Amino acid sequence: MSSHPDSRTPVARGLLFLSIAGVAWGTTGAAVDLIFGSSDLGPLAMSFWRYVGGFLVLLAVLAVRRALGRRPRAGSGRPGPRIFTGLALAVFQTAYFVAVAETGVAVATVVTLGAAPVLTAIGGRFLLKERLGGGGLLAVAGAIVGLAVLVLGNDATTVRPLGVVFALASAAAFAACNVLARRHGDDQDPYTMTVWAFGIGAVAMFPFALAEGMIPTMTDPVLVFALLVYVAVVPTGMAYPLYFTGAGAVRAATGSIVMLIEPVAAAVLAITLLGEPLTLATSLGTVVLLASVAGLARAETVRTPAPA
């Protein structure tokens with residue numbers, strides 16, 4: 001499989017899709033934290049319901065697309081990438097939800113999406129034979145510095161070790177998804193791929209959610225139901241197809257670093273909506289991460305022009 005960007009989606013459009021997905025995903029932690037605070041729903045059941053909701057939303061989207069004459073893109077439709085993506089996404093989001101419950105939205109999201117570019121770069125180098133230029137190396141270094149400032153610059157009451165461990169596990173699963181999307185982005189329709197991934201993830205998570213308790217006790221049922229619908233529609237049904245489309249248009253390391261927009265958005269919401277403390281380390285780390293995203297996006301657009 002070629003490691004060059006998928007010609008079906010211009011690089012600039014791919015970067016835009018990834019940015020939109022990143023902002024949408026950045027709202028997930030805050031929504032889930034509010035759900036946890038208004039019910040006794042656990043992270044395993046939360047992951048299951050997100051999969052089920054996203055699966056139903058994407059089925060509806062596929063039906064509308066077919067009614068409008070927009071058939072899924074032809075591709076090999078091999079089951080291997082779909083199964084692996086579904087299982088990896090299950091690990092990614094479930095570990096992330098546990099990290100949110102353990103150490104808060106801002107830290108969990110920053111560690112997850114801050115570690116992912118480094119792990120993705122390693123996977124892209126060994127599995128896709130991708131090389132990082134000077135700009136790419138500088139952006140990865142910036143991401144590492146920003147991550148270090150955010151994590152090490154805060155005290156132990158803000159950064160809990162168990163939460164960081166789960167966030168790193170989530171990062172590893174996200175990196176696997178990113179590399180796989182890059183490798184098979186040109187032979188998998190993003191909507192069909194996402195529907196399969198959600199269906200597989202829901203099946204995989206069902207026994208764990210059942211054991212944890214799928215029907216929660218709620219102090220505010222209307223709020224919990226509204227947030228569950230939001231999580232299913234916006235950061236799931238909308239964001240994942242955009243991510244898979246965008247990831248097929250740019251290099252693996254580039255895609256993962258652009259997705260650092262997610263922890264920036266999550267940190268802003270955690271501070272303004274959830275009242276998590278705004279520390280100097282959080283501020284400095286966020287600035288460094290955002291600068292890395294902007295610099296790499298610019299370098300990628302200039303280096304790889306859109307096809308005529």
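Ala-171 sits in helix H7, which spans residues 161-184. The model is a predicted one. In it, Ala-171 has 0% relative accessibility, so this residue counts as buried. The cut-off for buried is under 20% relative accessible area.

What does Ala-171 touch, leaving out residues up to four places away in sequence? The list is Val-111, Thr-112, Ala-115, Ala-116 and Leu-119. Another pairing shows how the chain folds back on itself in sequence terms. Ala-171 and Val-118 are 53 residues apart along the chain. Their C-alpha atoms are separated by 9.5 Å.

Now follow one of those partners, Thr-112. This residue belongs to helix H5, residues 105-127. Is Thr-112 buried or exposed? Its relative accessibility is 0%, so Thr-112 counts as buried. Beyond its neighbours within four places in sequence, Thr-112 is in contact with Phe-92, Tyr-96, Ala-167, Ser-170 and Ala-171.

The side chain of Thr-112 also makes polar contacts. At 2.8 Å, it reaches the backbone oxygen of Ala-108. A polar atom of the Thr-112 side chain lies 3.3 Å from a second backbone oxygen, that of Ala-167.

Phe-92 and Tyr-96 lead to the next helix. Helix H4 covers residues 79-103, and its axis comes within 7 Å of the axis of H5. The two axes cross at roughly 140°. That angle makes H4 oblique to H5. Angles over 145 degrees would count as roughly antiparallel. The crossing of H4 and H5 is right-handed. Which residues make the contact? From H4 come Phe-92, Tyr-96, Ala-99, Val-100 and Thr-103. From H5 come Val-105, Val-107, Ala-108, Thr-109 and Thr-112. Thr-112 thus appears in the H5 part of this contact, and Ala-171 is also among its partners.

Turn next to an earlier stretch of the chain. Helix H2 runs over residues 28-38, and helix H3 over residues 43-67. Their axes come within 12 Å and cross at roughly 125°. H2 and H3 are therefore oblique to each other. This crossing, too, is right-handed. On the H2 side, Thr-28, Val-32, Ile-35 and Phe-36 make the contact. On the H3 side, the residues are Pro-43, Met-46 and Arg-50.

How much of H2 is covered? Eight of its 11 residues are buried, making H2 mostly covered. Among the buried ones are Gly-29, Ala-30, Ala-31 and Ser-38. Val-32, Ile-35 and Phe-36 are buried as well. The cover over the buried residues of H2 includes helix H1 (11-26), H3, H4, H5, helix H9 (221-247) and helix H11 (261-272).

Met-46 deserves a second look. Leaving out residues up to four places away in sequence, Met-46 touches Val-32, Ile-35, Phe-36, Leu-41, Phe-97, Leu-228 and Val-231. Met-46 is also part of the largest nonpolar core, which has 76 residues. Within that core, the residues with the most contacts are Met-46, Leu-89, Phe-174, Tyr-243 and Met-259.

Finally, step back to the whole chain. How many helices and strands does the chain have? There are 12 helices and zero strands. Of the 308 residues, 54% are buried. Consider the contacts with a separation of 6 or more. Residues 24 or more positions apart account for 93% of them.

Methods
Residues numbered from 1 in each chain as written. Predicted model: local features only at pLDDT ≥ 70, side-chain atom pairs only at ≥ 80, totals over all residues. Heavy atoms only, no water. Core = buried A, V, L, I, M, F, W, Y, C linked by side-chain atoms within 4.5 Å. Buried < 20%, exposed > 50% of the residue type's maximum accessible area, 1.4 Å probe, protein only. Contact = heavy atoms within 4.5 Å. Helix = DSSP H or I, 4+ residues; strand = E, 2+ residues; numbered from the N terminus. Polar contact = N/O pair within 3.5 Å; in protein donor to acceptor, adjacent residues only side chain to side chain. Axes fitted to C-alpha atoms, helices over the stretch in contact; angles between N-to-C directions. Parallel < 35°, antiparallel > 145°, perpendicular 65-115°, else oblique. Left-handed = near helix turned anticlockwise from the far one by under 90°.
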